[in-house]
Amino acid sequence: MKKLYLVLLLTFISPLCTNVVFAQCEGITVESLTNPGLFEVETLTEADGIRNGLDYSGATIYYPTNATPPFASIAIVPGYTASPSSVEEWGPFYASHGIVTIIIGTNSIFDFPEARAIALIDALETIKDENTRNSSPLEGALNLDQLAVSGWSMGGGGAQRAAVLDNTIAGVVALCPWLPSPQFDHDSPVLIFSGENDAVAPPSQHADIHYNITPNTTDKLLFEIANGNHSVANTPAGGGGSVGQIALTWMKLYVEENDCYCSLLTDDLLVNPPAASKVEQDFECELLGVNQQELVIGVYPNPTNNSVNIEVLEDVQYELFSTLGQRLLEGYLTGSNKQIDLSQFPDSMYYLYIEGQIIKLIKYN
């Protein structure tokens, strides 16, 4: 579900308030999105006692051994005719950052997206089973409200379909997805990677449509990798490492619900990313780092057809932005008569930034 602020605006103004950071966000930086992460990783297979799901064929669970539970989890399925090895690098990557990962095969390498969606849901059942299996190292260590799905090609289309079939899925990461004529009516936050030069699933015929058909009420992000082919997102190293950084941030933000990762997207990873040929985004997230000691600010009249009066005890600096993030005015409000003249601007909505607060203004004739 969508959260508090328009991310497009925050992309431009949030760097102004990042100097006030909550203690719990210290250490969460772009540099912390390493490959691999800090945690050691081990694996489980059916030979170790994990469940043999009926709707998939074979599975490997990657899990951190020296991280603090409870853990979020993600299930990943490969694409048409592909084996789990095609996406296996995601397993140790996610697990080394504290996210349990199950990578599965399909009952038939020719399974279409809907069958792969069902396979992913079955894989999540295996994850749930590990949380209660007596001999499992993951017994009692999983947060079953934080389950995500991912897949490559037809598996990526299947991941979106899985979110439609199971509304408890907390997030989706689609890797160069393939699925014509999709129906994606779900509210699971979805990240879609595509390759600019993908000849198997051309973005204009698949990823772009997938993004557009996903409801606008769903948090969503499309990241097209410049010169990328169909397998450019098969590993976290894709796009010069940006694929792994963005996927991990999305998982931490929307599946683990750690808002400390909001600013990594809005201030860093999505600001003129060199690896991207196109970025489409329609998501909102809470921006931690805004001053907790907010001033009491009054604004009237609002809506206005001319000027707005600002009621605030202190002298303050202000900035006025358009809905596209363009800075229109800036200055200082001092004394007892604090006022901003909007008469020169067309009728529209504007955003006033004062002391870490964002105030929506409406201008009309």
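Which helix does Ala159 lie in? Ala159 sits in helix H4, and the first close-up starts right there. One thing to keep in mind for every view: this is a predicted model.

**View 1. Ala159 and its surroundings in helix H4.** Zoom in on Ala159 and you'll find a buried residue, with a relative accessible area of 0%. Skip the neighbours within four places in sequence, and Ala159 is in contact with Leu120, Val149, Ser150, Gly151 and Val172. For a sense of scale, take Ala148: it is 11 residues from Ala159 in sequence, and their C-alpha atoms are 8.9 Å apart in space.

**View 2. Helix H3 meets helix H4.** A bit of background helps here: two packed helices are described by the angle between their axes and the distance between the axes. Helix H3 covers residues 113–130 and helix H4 covers residues 154–165; their axes come within 7 Å and cross at roughly 60°. That angle makes H3 oblique to H4. As for handedness, the crossing of H3 and H4 is right-handed. On the H3 side, the contact is made by Pro113, Glu114, Arg116, Ala117, Ile118, Leu120 and Ile121. On the H4 side, look for Met154, Gly155, Gly157, Gly158, Ala159, Arg161, Ala162 and Leu165. Sort the residues of this contact by type and you get 9 nonpolar, 3 polar and 3 charged.

**View 3. Inside the largest nonpolar core.** This core has 48 residues, and Trp90, Tyr94, Phe193, Ile246 and Leu265 have the most contacts inside it. Which helix gives the most to this core? That's helix H6 (residues 242–255), with 9 residues. Apart from this core lies another one, of 36 residues, including Ile50, Tyr63, Val100 and Leu147. Back in the largest core, pick out Phe193. Leaving aside neighbours within four places in sequence, Phe193 is in contact with Val173, Ala174, Leu175, Cys176 and Pro177, among others. The list for Phe193 also includes Phe223, Ile225 and Ala233, plus Val243, Ile246 and Ala247.

**View 4. Helix H7 and its partner H6.** Helix H7 runs over residues 262–269 and is mostly covered, with 7 of its 8 residues buried. The buried ones are Cys262, Ser263, Leu264, Leu265, Thr266, Asp267 and Leu269. How do the axes of H6 and H7 cross, and at what angle? They come within 8 Å and cross at roughly 145°. Look for Gln245, Ile246, Thr249, Trp250 and Leu253 in H6, which meet Cys262, Leu264, Leu265 and Leu269 in H7. By type, the residues of the contact of H6 with H7 divide into 7 nonpolar, 2 polar and no charged.

**View 5. Leu44 in strand E1.** Leu44 counts as buried, at 6% relative accessibility. Once the neighbours within four places in sequence are set aside, Leu44 is in contact with Ile50, Ala59, Thr60, Ile61 and Tyr63, among others. Its contacts also include Glu130, Arg133, Ser136, Pro137 and Leu138. Now compare Leu44 with Ala162: the two are 118 residues apart along the chain, and their C-alpha atoms are separated by 24 Å.

**View 6. Two cis peptide bonds, each leading into a proline.** Most residues other than glycine have a negative phi, and most peptide bonds are trans. Here, the peptide bond from Asn35 to Pro36 is cis, with omega near 0°. You'll find Pro36 in the loop between helix H1 (7–13) and strand E1 (41–44). The peptide bond from Asn302 to Pro303 is cis too, with omega near 15°. Pro303 is in the loop between strand E10 (298–300) and strand E11 (307–311).

**View 7. Positive phi at Ser153 and at Asn272.** Ser153 has a phi near 55°, a positive value in a residue other than glycine. Its place is in the loop between strand E5 (142–152) and H4. Asn272 has a phi near 50°, also positive in a residue other than glycine. Asn272 belongs to the loop between H7 and strand E9 (276–282). Is each one buried or exposed? Ser153 counts as buried, at 6% relative accessibility, whereas Asn272 is exposed, with a relative accessible area of 72%.

Methods. Residues are numbered from 1 along each chain as its sequence is written. This is a predicted model: local features need pLDDT of at least 70, side-chain atom pairs count only at pLDDT 80 or more; totals for chains, interfaces and linings use all residues. Side-chain values use heavy atoms; hydrogens and water are left out. A nonpolar core is a set of buried Ala, Val, Leu, Ile, Met, Phe, Trp, Tyr and Cys residues joined through side-chain atoms within 4.5 Å. Buried means under 20% relative accessible area, exposed over 50%, partly exposed in between (1.4 Å probe, protein chains only). Helices (H or I, at least four residues) and strands (E, at least two) are DSSP runs, numbered from the N terminus. Contact means heavy atoms within 4.5 Å. Axes are lines fitted to C-alpha atoms, for helices over the stretch in contact, and angles run from 0 to 180 degrees between N-to-C directions. Angles under 35 degrees count as roughly parallel, over 145 as roughly antiparallel, 65 to 115 as roughly perpendicular and the rest as oblique. A crossing is left-handed if the near helix is turned anticlockwise from the far one by less than a right angle, and right-handed if clockwise. Ala, Val, Leu, Ile, Met, Phe, Trp, Tyr, Cys and Pro count as nonpolar, Asp, Glu, Lys and Arg as charged, and the others, Gly among them, as polar.
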